[in-house]
Amino acid sequence: MRDTHFDDLETRSADAREAAQLAALRDQLSRVGGEVKLDTLADLAKLPVMRKSDLTDLQKEQPPFGGIAVQNITHVFQSPGPIYEPGGSSHDWFRMGRFLHAAGLGADDIVQNCFGYHLTPAGHMFESGARAVGAKVLPAGVGQTELQVTAARDVGTTAYAGTPDYLKVILEKADEMGVTLGITKAAVGGGALFPSLRQYYIDRGISCLQCYATADVGNIAYESAAMEGMILDEGVIVEIVTPGTGDPVAEGEVGEVVVTTLNPDYPLIRFATGDLSAIMQGTSPCGRTNRRIKGWMGRADQTTKIKGMFVRPEQVAALVAHHNEVSKARVVASRAGEQDVMTVHIESAGGDADHYAQSVAELLKLKGKVVVVEPGSLPKDGLVIEDQRTYD
């Protein structure tokens with residue numbers, strides 16, 4: 001399966017892509033005063049990870065953007081936290097056009113943009129993408145569904161942009177009103193597109209594709225008509241790391257998505273999204289050559305309260321780093337009767353449970369049962385803290 005592409009960047013060789021991204025990355029580091037020498041993209045792992053909590057703290061100290069060298073912006077947005085994000089109006093600043101093109105949107109379309117336009121950036125993100133593909137926009141936002149139906153009918157809306165579930169609300173309201181809409185395409189994000197919901201749209205003659213984007217870095221990955229994973233955007237570098245660390249996992253393993261944006265107007269280096277995913281092998285049948293991720297696979301922030309104390313992924317990472325022979329650890333929270341139980345599974349080629357018990361107590365601030373297992377035996381699912389407790 002092949003289709004036309006947004007630009008030539010989507011079909012370049014892996015070597016050409018890495019060379020171009022490495023040059024852009026070096027430029028980014030020069031803007032933020034980075035002194036680490038990067039010979040390959042893999043050298044990114046030498047740099048620290050920035051988490052949302054870090055960004056929040058920086059913005060409190062140096063409002064509104066935490067001292068990050070921002071330029072050429074036209075908007076300031078606010079997301080929960082609060083976190084403030086800049087936005088620009090230059091061509092496809094949020095890089096959404098690539099996704100909308102893959103979803104089949106173009107100059108003949110009128111897009112009903114049902115993402116929010118107030119404070120948060122999603123509405124503007126998708127509008128900039130619509131401009132990039134030449135589509136016209138009905139800036140609808142969320143709510144007033146009867147008016148949404150009327151407007152879609154009157155202006156001849158052909159495409160929808162918004163969360164996956166709200167289109168169904170509009171379609172059902174149209175059915176209730178006896179109105180036939182001309183929507184045949186949907187570009188969605190910001191929520192889960194369940195297979196049953198996608199099939200509902202297909203049954204109504206609507207092609208629905210999804211992207212993975214955040215307010216901080218814009219578009220990260222997107223589906224094409226091949227619908228085999230999500231293709232990484234050309235303007236970002238994506239790493240998958242062990243939660244709580246900056247250490248890349250092996251290809252195919254689940255870990256936290258860490259993004260470096262190559263947008264010179266807002267250089268974010270190794271920004272941890274808090275989301276889990278995994279790199280897929282090979283490339284998409286649609287002809288785009290960039291790497292793919294499996295999509296959203298859960299949250300990386302697995303912080304869990306056990307016996308009244310929070311245990312965080314960073315503490316588990318510190319436990320692993322404390323012992324050279326330990327390759328991995330996994331904390332399991334369970335219950336025995338009415339009491340919490342913490343069991344720490346440690347992958348190690350040497351050492352016994354007693355050997356690690358003191359480190360567990362010191363670094364996790366809790367005593368727990370220690371189980372030593374063979375290297376490679378723990379699941380490769382991205383979990384470093386597993387909560388097995390139920391409260392039925």
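Select Gly205 in this predicted model. This glycine lies just after helix α7 and takes a positive phi of about 80°.

Next, select helix α7 itself, residues 195–203. Which of its residues are buried? They are Leu197, Arg198 and Tyr201. Now turn the view until you look down the axis of α7: the buried residues fall within an arc of 100°, so they line one face of the helix.

Keep α7 in view and colour Pro195, Ser196 and Asp203. These residues are exposed, and they sit on the face of α7 turned away from its buried side.

What covers the buried residues of α7? Add α6 (166–177) and β7 (207–214) to the selection, since both are included in that cover.

The tour now moves to a sheet. Select β10 (236–241) and β12 (271–277), then add strand β11, residues 255–261. Together these three strands form an open sheet in the order β10-β11-β12, with antiparallel pairing. Strands of a sheet pair through backbone hydrogen bonds, either parallel or antiparallel. In this sheet, β10 and β12 are the edge strands, and each of them pairs on one side only. Neighbouring strands of the sheet are turned by 30° against each other on average, with direction ignored.

Finally, restrict the selection to β11 and β12. How many bridges join β11 and β12? The two strands pair in the antiparallel sense over four bridges. To inspect one pair of partners, select Glu256 together with Leu276: Leu276, in β12, is the bridge partner of Glu256.

Note on methods: Residues numbered from 1 in each chain as written. Predicted model: local features only at pLDDT ≥ 70, side-chain atom pairs only at ≥ 80, totals over all residues. Heavy atoms only, no water. Pairing = 2+ DSSP bridges. Axes fitted to C-alpha atoms, helices over the stretch in contact; angles between N-to-C directions. Buried < 20%, exposed > 50% of the residue type's maximum accessible area, 1.4 Å probe, protein only. Arc of directions from axis to C-beta. Contact = heavy atoms within 4.5 Å.
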